[in-house]
Amino acid sequence: MLDIKLIRQNSEKVKEALEKRGVRVDVESVLVLDDRRRKVTGELDEARAEQNRRSKGGPKEPGEIEELKKLKEKIKSLEEELGTVEKELETVMYSFPNIPFEEVPVGKDEKENKVLKEQGSKLKFDFDPLSYVDLGEKLDWIDTERAAKVSGARFGYLKHEAPLLEFALISFTLERLTNKKFIEKVIKKNKLSAKVKEFIPLVPPVMIKPEAFRAMGKLDPGQEEERYYLPKDDLYLIGSAEHTTGAMHMGEILPSENLPHRHIAFSTAFRREAGSYGKDTRGLFRVHQFDKLEMFSFAKPEESRAEHDLFLALQEEMMQELKIPYRVMLICTGDMVWTDAKQYDLESWFPSQNAYRETHSTSNSTDFQSRRLKARFKNEKGEMELVHTINGTAFAIGRIMLAIMENYQTKSGSLKIPKQLQKYMFGIKEIKARK
RNA sequence: GGAGGCGUGGCUGAGUGGUCUAAAGCAGCACACUGCUAAUGUGUUGACUCCGAAAGGGGUCCGAAGGUUCGAAUCCUUCCGCCUCCGCCA
């Protein structure tokens, strides 16, 4: 949610900034409702002050009771009015996405995202590379047919070494992100100003209450369709560890010396993929359920940009270790996630498709989430200030596994294991085709 | 799932309808005193919001939401969380 004061004082600027995102927002309604809210609040406070004054000091005369009854009625109707106005205001405020940073390219959709860099040479194969789907068949790693029988479309069984590769990726990531020296190395290499500090490993809940989900900005207009919901228990399934990790410090005042407060969270992610019918229907690229390692940070406002750049640098460093070619995209205003002020995506090379495909994303949500979460810290002046939240994929295991398959296949239909992962896979170096 | 108990400020904890404007203690901060530390004394202490240039003033907050009452931390209803016992269970 945006700051109401910002809209009040800078309504034109806010409107312009959000139009860049292709969102039409009703700034006028906010101004009118905000005005009314403040007027009613004033009247209500005055009436309550009178009530407080007059109800002190024991039993009242019948005549005075009559007057106080009228006052009570007045307070009640003012309270009702205020409640209505606040609710209307909230509804409009929820239809405002975050304001993009100045440097974010203005654009309509993903076609206008900007390529920031390409890294790693695309592998030259002296044979026609198989798609990961066909390779998965040969290795007997992926069974989507039986998954469809048991669970429906867009699910899969991972078999044989594929689960080992999943756990290897988890160990690989945790070993690096919990190591201060690794963080320091990445900061130095990229000349970043972010603080040297390790990540705290976390396995968060995968179900979330509506109130927490709303605070994270994940139930705002247009997003509800994408969420799995369990009506019997009034709970949603998370679409990312970001959701329950960010909500973890809801209503808290974080000790400023602990900032930036970094987590590396592992969880399964659930996505309905509503509205993507026909997209990536084959294989496991777009599924309802996948496991993911997610970085999340609570930071001071002045350090959130550095934190965001660190997240990107960490993503890149780990990709370079795995030697998967990728490119970095700066996401344009029209394609950004609702809660973001700035977003980078990292796309991995898929040789069989002769294309880069999205495997990572990292976002600076500034104070958009923390405002509703009420996650704050005390700044040096002793004032309360909202933290900034930054999230980023460490590895979306499903997708990165596919990228590994595509890039590490051999002519004979076997699969090599990236060197850096072998030690977490009991030394397995290569997997022969089974079919 | 069944039975019972409990939820008060940073923490401990008193408070069962009207000076609660929430006692007291601890911790924190400031000052004083004191070779230093400790101890002691005095004062002070939150969040949110509205009005205001500021100084300042008003309102809200005793798990949450409703209700009763002229008046609610206190009474009623629902919900949430925690604890104990029973049942079930990886």
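Let me start with a definition: a residue counts as exposed if 12 or fewer other C-beta atoms lie within 10 Å of its own, and as buried if there are 20 or more. Keep in mind that this is a predicted model.

First, backbone geometry. Most residues other than glycine have a negative phi, and most peptide bonds are trans. There are departures from that here.

Take N354. Its phi is near 50 degrees, a positive value, and N354 is not a glycine. N354 sits in the loop that runs between β12 (342–350) and β13 (355–364). Is N354 buried or exposed? It has 9 C-beta neighbours inside 10 Å, so N354 counts as exposed.

Next, R154. Here phi is positive too, about 65 degrees, and again the residue is not a glycine. R154 is found in the loop between α6 (144–150) and β3 (157–158). R154 is buried, because 21 other C-beta atoms lie within 10 Å.

Then there is a cis peptide bond, between L259 and P260, with omega at about -5 degrees. P260 belongs to the loop between β8 (253–254) and β9 (261–270).

Now the RNA. Which residues are closest to RNA strand B? They are D45, R48, A49, L68 and M384, out of 19 residues that surround the strand. By type, the residues of this surface are five nonpolar, six polar and eight charged. Two helices, α3 (27–54) and α4 (62–93), each supply at least two residues of the surface near RNA strand B. The largest share, eight residues, comes from α3.

That covers the backbone and the RNA surface.

Methods. Residues are numbered from 1 along each chain as its sequence is written. Chains are lettered from A and ligands numbered from 1 in the order in which they are written. This is a predicted model: local features need pLDDT of at least 70, side-chain atom pairs count only at pLDDT 80 or more; totals for chains, interfaces and linings use all residues. Helices (H or I, at least four residues) and strands (E, at least two) are DSSP runs, numbered from the N terminus. A residue is near a molecule or strand if its C-beta atom, placed from the backbone, lies within 6 Å of it. Ala, Val, Leu, Ile, Met, Phe, Trp, Tyr, Cys and Pro count as nonpolar, Asp, Glu, Lys and Arg as charged, and the others, Gly among them, as polar.
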